[in-house]
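The exercises below are to be worked with the sequence and the model open side by side. Each task is followed by a solution in steps.

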Amino acid sequence: MADSKVEDLRLPAAVIARIVKDALPPNAAVSKEAKTALARAAAVFILNVTTAANEYADGNKRKTIAATDIYHAIKVLDCEQLEKPLHEAVEAWKADKSAKADEAKKRRAEKKANDVRDIEDM
């Protein structure tokens, strides 16, 4: 792994708690120790995927890790079952980002049109 230690990575407890809560049935209880163990396991997984992705990017003479590097790392780490959900999540994020950009562009155009009307009304 990289120079970082797992202990140095503190994933937000609230985020971990929300993910665990969303993944389990409503009546399931999870101890604080279990949430801590999940947070550490997630940190180890992130370090492993990042390291493998970075090695792949370095091998292709790039310094920036891209989504394709992450997909490759997932395969190298024998986590192919995560590839489809990851791809779907990335596509959903791209669609959401695009929709937000389109909405912001529309708001700017409306504001500009309103500003022009206000100037003309003077």
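## Overall architecture

The protein has 4 helices and 0 strands as its secondary structure. The model is predicted.

**Exercise 1.** State the order of the elements, and find where confidence is lowest and where it is highest.

*Solution.*
- Step 1. Read from the N terminus, the elements run α-α-α-α.
- Step 2. The mean pLDDT of the protein is 88, and 89% of its residues reach 70 or more.
- Step 3. Helix α4 (residues 83–121) has the lowest confidence, with a mean of 85, while α3 has the highest, at 94.

**Exercise 2.** Describe the surface of the protein and how much of the chain is buried.

*Solution.*
- Step 1. The accessible surface comes to about 9800 Å², and 58% of it belongs to carbon and sulfur atoms.
- Step 2. Of the 122 residues, 14% count as buried.
- Step 3. For contacts between residues at least 6 apart in sequence, 44% join residues at least 24 apart.

## Core and nonpolar surface

**Exercise 3.** Which residues make up the largest nonpolar core, and which helices supply them?

*Solution.*
- Step 1. In general, nonpolar side chains of soluble globular proteins tend to be buried together.
- Step 2. Here the largest nonpolar core has 6 residues, namely V49, A52, A53, A73, I74 and C79.
- Step 3. At least two residues of this core come from each of α2 and α3.
- Step 4. The largest share, 3 residues, is supplied by α2.
- Step 5. Take I74 as one of the core residues. Leaving aside residues up to four places away in sequence, I74 touches F45, V49, C79, E80, L82, E83 and L86.
- Step 6. I74 is also among the buried residues of α3, which are D69, Y71, A73 and I74.

**Exercise 4.** Is I70 buried, partly exposed or exposed? List its contacts as well.

*Solution.*
- Step 1. I70 is located in helix α3 (residues 67–76).
- Step 2. Buried requires under 20% relative accessible area. I70 has 25% relative accessibility, so I70 counts as partly exposed.
- Step 3. Not counting residues up to four places away in sequence, I70 touches V49, A53, I65 and L86.
- Step 4. Between I70 and A57 the sequence separation is 13 residues, and the C-alpha to C-alpha distance is 9.5 Å.

**Exercise 5.** Find the residues that form a nonpolar patch on the surface, and place I46 in its helix.

*Solution.*
- Step 1. The patch consists of F45, I46 and L82, which together have about 230 Å² of accessible area.
- Step 2. I46 belongs to helix α2 (residues 32–59).
- Step 3. With a relative accessible area of 42%, I46 is partly exposed.

## Loops and backbone

**Exercise 6.** Where do K61 and D78 lie, and what is the sign of phi at each?

*Solution.*
- Step 1. Most residues other than glycine have a negative phi.
- Step 2. K61 is not a glycine, yet its phi is positive, about 60 degrees. K61 sits in the loop between α2 and α3 and, at 78% relative accessibility, counts as exposed.
- Step 3. D78 is not a glycine either, and its phi is also positive, at about 60 degrees. D78 is in the loop between α3 and α4. At 58% relative accessibility, D78 counts as exposed.

## Salt bridges

**Exercise 7.** How many salt bridges does the whole structure have? Describe the bridges formed by D69, K75 and K94.

*Solution.*
- Step 1. Side chains of opposite charge can pair when their charged atoms come close. The search of the whole structure finds 5 salt bridges.
- Step 2. D69 meets R62 in a salt bridge at 2.6 Å, N to O. D69 is buried at 0% relative accessibility, whereas R62 is partly exposed at 29%.
- Step 3. K75 meets E83 at 3.7 Å, N to O. K75 is partly exposed, with a relative accessible area of 43%, and E83 is partly exposed at 23%.
- Step 4. K94 pairs with E91, with the closest N and O atoms 3.8 Å apart. Both K94 and E91 lie in helix α4, 3 residues apart, about one turn of the helix.
- Step 5. An α-helix has 3.6 residues a turn, so residues three or four places apart point the same way.
- Step 6. K94 is partly exposed at 44% relative accessible area, and E91 counts as partly exposed at 36%.

How values were computed. Residues are numbered from 1 along each chain as its sequence is written. This is a predicted model: local features need pLDDT of at least 70, side-chain atom pairs count only at pLDDT 80 or more; totals for chains, interfaces and linings use all residues. Side-chain values use heavy atoms; hydrogens and water are left out. Patches are made of residues with over 30% relative accessible area and no salt bridge: like charges are joined within 9 Å, nonpolar side chains (Val, Leu, Ile, Met, Phe, Trp, Tyr) within 5 Å. Accessible areas come from the Shrake-Rupley method with a 1.4 Å probe; for residues, only the protein chains shown count as cover. A salt bridge is a side-chain nitrogen of Lys or Arg within 4 Å of a carboxyl oxygen of Asp or Glu. Buried means under 20% relative accessible area, exposed over 50%, partly exposed in between (1.4 Å probe, protein chains only). Contact means heavy atoms within 4.5 Å. pLDDT is the predictor's confidence in each residue, from 0 to 100. A nonpolar core is a set of buried Ala, Val, Leu, Ile, Met, Phe, Trp, Tyr and Cys residues joined through side-chain atoms within 4.5 Å.
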